[in-house]
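Colleague: I would like to go through this structure with you and ask what lies behind each label. Please show it first.

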Amino acid sequence: MRETITLGGERRVGRIGYGAMRLTGDQLWGEYADHDSAVKLLRHAVDDGVTMIDTADVYGPHTNELLIREALHPYPEELVVATKGGFVRGGPDLSTIAAVGNPNYLRQSVRLSARRLGVDCIDLYYLHSGRAADAPFEEQVATLAELRRQGLIRHIGLSNVTVVQLSTATSIVGIAAVTAHYNLADRDEAPLLEAAASAGAVFVPWQPVSLAPPGIATNPHGSRAMRQVVQPIADRYGATIPQLALAWLLQRSPAVLPIPATTIPEHLDDNLAAQDLELDDRDVDTLDRLA
Ligand SMILES: NC(=O)c1ccc[n+]([C@@H]2O[C@H](COP(=O)([O-])OP(=O)(O)OC[C@H]3O[C@@H](n4cnc5c(N)ncnc54)[C@H](OP(=O)(O)O)[C@@H]3O)[C@@H](O)[C@H]2O)c1
């Protein structure tokens, strides 16, 4: 049986989830062009053993949550659907995205995500950004704590926060998960990973197979220089570079739960199979020194 990880001290989930963000339109706006294959892909993910799906109200906006509901509701008991709130879009241009932390906005966002997902209580709800400047961070976290007390959220997560913000948040309420940009090519958030693990939170690297800077553009195969190092290692395990990137993340810390995105069923199968790769110490060491 494959390894699991415990979310919020009570919920066992598999160590590789699925990020649904790319099942949206151009620039993450509107509907995904091939609706039926998106529905099939989400069902395939769950049939294949995915127990954590990552979405957000701002993906689409709204279309991604609605697609997940259409494909998977009523949700299997073992499935955690994690969503996020705290970003708004000014239109199809992704650069219009802005963080909002107004408590009433967050209250409304949680209730509307629950409505779109078709649940009374959201399994895992992240504050999408630690950067909202329209309300104190403490107040935003306290608002999510209030919504949890009211039964609308089961577990609270934080997305794109600093180590100090994580510490502030844990003094207010238990934090079950922290998500940040972290992968083979970018380790800037290593201190956040350590802090999350110490706080008993699951650390969810986003863009886990992309070997490119954070953003909408991804590069699952890396630059030429990076490929020269990682391809021979991947070849030794009969693996692809994305599989190697995922296996390395899993061995990095038992608190890590990556959420790779894909629109291709075969890539989804490959990503889940990365759990079965065991990298030897020498290769882990080489990969550790890459970034
Ligand atoms: N909290 C946040 O602020 C935040 C920000 C960004 C993303 N996220 C979450 O993180 C998830 C993942 O991030 P991401 O989509 O940006 O990056 P990613 O998962 O690192 O990379 C996705 C890209 O890699 C390709 N890919 C995936 N598996 C592959 C494989 N086995 N072989 C070859 N190519 C593969 C996909 O293309 P194909 O479709 O061709 O496979 C896709 O273009 C998102 O879906 C979202 O849920 C969160």
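Modeller: Two strands pair if DSSP finds at least two bridges between them. Helices (H or I, at least four residues) and strands (E, at least two) are DSSP runs, numbered from the N terminus. In this model, I5 has V13 in strand 2 as its bridge partner.

Colleague: What kind of model is this, and how are the residues numbered?

Modeller: The model is predicted; local features need pLDDT of at least 70, side-chain atom pairs count only at pLDDT 80 or more, and totals for chains, interfaces and linings use all residues. Residues are numbered from 1 along each chain as its sequence is written.

Colleague: What makes strand 1 and strand 2 a pair?

Modeller: Strand 1 (residues 4-7) and strand 2 (residues 11-14) share 4 bridges in the antiparallel sense. The rule asks for at least two bridges, so they count as paired. The hairpin they form has 3 residues between the strands, and G8 in this hairpin takes a positive phi near 60°.

Colleague: How do you know that strand 9 and strand 10 pair, and in which sense do they run?

Modeller: Strand 9 (residues 153-159) is joined to strand 10 by 3 bridges, and the two run parallel. With at least two bridges required, they are a pair. G157 stands opposite A177 in strand 10.

Colleague: Why is the protein called as compact as a globular protein of its length?

Modeller: The protein has 10 helices and 11 strands. Its radius of gyration, taken over C-alpha atoms, is 18 Å, and the globule rule (2.2 Å times the number of residues to the power 0.38) gives 19 Å for 291 residues. The two values are close, so the protein is as compact as a globular protein of that length. Its C-alpha atoms fill a box of roughly 55 × 40 × 40 Å, taken along the principal axes.

Colleague: What makes a residue such as F203 buried?

Modeller: A residue is buried if 20 or more other C-beta atoms lie within 10 Å of its own, exposed if 12 or fewer, and partly exposed in between; C-beta atoms are placed from the backbone. F203 is found in strand 11. F203 has 26 C-beta neighbours inside 10 Å, so it counts as buried. Buried residues make up 45% of the 291 residues in the protein.

Colleague: What is F203 in contact with, leaving aside its neighbours within four places in sequence?

Modeller: Two residues are in contact if their C-beta atoms lie within 7 Å. By that rule F203 is in contact with V178, L193, A196, A197, S253, A255 and V256, leaving aside its neighbours within four places in sequence. Across the protein, 72% of the contacts between residues at least 6 apart in sequence join residues at least 24 apart.

Colleague: Q27 and Q207 both have a positive phi. Which of the labels buried, exposed and partly exposed does each get?

Modeller: Q27, in the loop between strand 3 (18-19) and helix 1 (35-47), has a positive phi of about 55° although it is not a glycine. Q27 has 15 C-beta neighbours inside 10 Å, so it counts as partly exposed. Q207 lies in the loop between strand 11 and helix 7, and its positive phi is about 50°. Q207 has 26 other C-beta atoms within 10 Å, so it is buried.

Colleague: Why is helix 8 called largely enclosed?

Modeller: In helix 8, 11 of the 12 residues are buried, so the rest of the structure largely encloses it. Among the buried ones are W248, L249 and R252. What covers them includes strand 11 (202-206), helix 7 (224-236), helix 9 (265-273) and helix 10 (281-288).

Colleague: How does the reach of helix 8 compare with the expected span?

Modeller: Helix 8 (residues 241-252) reaches 16 Å from its first C-alpha to its last. The expected span is 1.5 Å times one less than the number of residues, and for helix 8 this is 16 Å, close to its reach.

Colleague: Which peptide bonds are cis?

Modeller: A cis bond joins G60 and P61, with omega about -25°. P61 is in the loop between strand 4 (52-54) and helix 2 (63-72). The bond from H73 to P74 is also cis, with omega near 0°, and P74 lies in the loop between helix 2 and strand 5 (80-85).
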